[in-house]
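Me: Please give me a close look at the salt bridges in this model. I would like to know where the partners sit and how buried they are, and then how the rest of the chain is laid out around them.

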Amino acid sequence: MTIEERERHTFRLERWRAVGTGVLETSGATFLVLIAERWFSAGPAAKSLLLASGSIGLLLTPLVLMWAGKRAESAGNSASVLYLVAAAVLSATLAANKTVALYVTGCVIGFIFVTSVNPLFATIYQANYRADRRGDLFSRNIVIRILANVVFAFAAGKLLEYDISWWRAIIGAYAVALIGGAVCLRRSPPAPVHTSEGTHPLRAFRHVRDDRVFRWTLVSWMLMGFANLVMYALRVEYLVSTDYGIQEDALTVAMLTAIAPNLARLVFTRIWGRLFDRMKFNTLRIILNFCVMLGILSFFTGAGLTGLYIGAILFGISNAGADLAWSLWVTKVAPPALTTEYMTVHTFLTGIRGIIAPFAAFYMAPRLGIGVTAVSMAVLILLGSAVLVQERAR
């Protein structure tokens, strides 16, 4: 099969998988925490675990890399296995009534499996997309994800506003999306998992020592990513908790955390995709950082509903490029045979900050105030941008 044929076949399957991915993206952003708050009356620890579940999965990516390498099967086949396990675990939460422990445990374990496959996706894109078209093709699939996200978020928000007891339908939809994604991954053109990991799952970290560009870019990601995740964890809490005096209904929460941001993503995703293929990565990331910072300040310190919507839209604009940059940036710096290892280091570190950030968010906001927390995180984003400016000047 030629690279053109592999690209066409992969792109067709990824378009179908993007529908399910768009549905799944509403989970951590909106509905898992909303259901926990409104149906299960969950406390801060439970909500922090739900928000951290995806990051725990990223933390386990070195083990997934080692497992996938030993299986000697394609990246798509290995990813499909993890998707099916996630679907089965999520389905088990449907038995929960008012048992918050069962709901939280099932959702956390399920989404650990969902996010643990991320380095395998990078392997698929590296093997099956041409380098000069990778950003553009990926951005086209993001457009489909956004449309699916907006439609599902609106429908699910209306359903939960009508009757919160319909939460099982939301979780069931996530399980179906995972099964469909597993089918697409299983049929994807073979992309072998190259790894020199051997028996040590963290051996890929030698690239941090040996590759200066990789090392400093990771430092920047850590500063910016931690700040973004702290404020991301507080979005739903800020809108629904009695502590902040806003207490929006389920549909408005869906509008501000899913629908409005994703409409902005829809407009800007193809633009960022083309820029990724043509612009130096550090320049692109600096621009994205400023959009993230302005979105945080507007959402959490702006005036009323107008500030919330401006922040939501800025979040969507920045997320359109950040999602693409997060998923593909290692393909610009890693030798092709080491793409999976580079991505594993990146996702592992994302997992570390993603686990810490929700707990830091729920600790800082009540003590410092939401405004001070937002400004502090904006300063961290500026520091992360300064690291990239220094590297760009070399």
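Reply: Let me begin with how the elements are named: helices (H or I, at least four residues) and strands (E, at least two) are DSSP runs, numbered from the N terminus. Counted like this, the secondary structure of the chain comes to 17 helices and 0 strands. Please keep in mind that this is a predicted model, in which local features need pLDDT of at least 70 and side-chain atom pairs count only at pLDDT 80 or more, while totals for chains, interfaces and linings use all residues. Residues are numbered from 1 along each chain as its sequence is written, and side-chain values use heavy atoms, with hydrogens and water left out.

Now to your salt bridges. Side chains of opposite charge can pair when their charged atoms come close. The rule used here asks for a side-chain nitrogen of Lys or Arg within 4 Å of a carboxyl oxygen of Asp or Glu, and with this rule the model has 14 salt bridges.

A good place to start is helix H1, which spans residues 3-24. There, Arg-17 and Glu-14 join their side chains in a salt bridge, with 2.8 Å from N to O. The two residues are separated by about one helical turn, because they stand 3 residues apart in helix H1. To describe their surroundings I will use three classes: buried (under 20% relative accessible area), exposed (over 50%) and partly exposed (in between), with a 1.4 Å probe and protein chains only. On this scale, both Arg-17 and Glu-14 are buried.

Helix H8, residues 134-162, holds another pair, Asp-136 and Arg-140. The closest N and O atoms of their salt bridge are 3.2 Å apart. Here the spacing is 4 residues, so Asp-136 and Arg-140 are again separated by about one helical turn. The two ends of this bridge fall into separate classes: Asp-136 has a relative accessible area of 13%, so it is buried, whereas Arg-140 reaches 31% and therefore counts as partly exposed.

Next come two neighbours in number, Arg-209 and Asp-210, which form a salt bridge with 2.8 Å between the closest N and O atoms. Arg-209 is exposed because its relative accessible area is 60%. Asp-210, at 52%, is exposed as well. If you set this pair beside Arg-17 and Glu-14, you find a contrast in setting: Arg-17 and Glu-14 are both buried, while Arg-209 and Asp-210 are exposed.

Salt bridges can also link up into a group, and this model has such a case. Glu-4, Glu-7, Arg-130 and Arg-133 are connected in a network of salt bridges.

With the charged pairs in place, let us step back to the chain around them. Of its 394 residues, 58% count as buried. The C-alpha atoms fill a box of roughly 55 × 50 × 40 Å along the principal axes. The radius of gyration, taken over C-alpha atoms, is compared with a globule rule of 2.2 Å times the number of residues to the power 0.38. For 394 residues, a compact globule would have a value near 21 Å, and the chain has 20 Å, which agrees.

A few more residues help to fill in the interior. Tyr-103 belongs to helix H6, residues 100-115, and at 0% relative accessibility Tyr-103 is buried. Between the C-alpha atoms of Tyr-103 and Ala-264 there are 32 Å in space and 161 residues in sequence. Ala-312, in helix H14 (residues 304-328), is buried too, at 1%. Its C-alpha lies 9.0 Å from that of Ile-259, although 53 residues separate Ala-312 and Ile-259 in sequence. Cys-291 sits in helix H13, residues 281-301, and is buried at 17%. From Cys-291 to Gly-316 the C-alpha distance is 9.3 Å, with their positions 25 residues apart along the chain.

Finally, a loop residue that you may like to inspect. Ser-41 lies between helix H2 (26-38) and helix H3 (44-59). Its phi is near 50°, a positive value in a residue other than glycine. Ser-41 is also exposed, with 61% relative accessibility.
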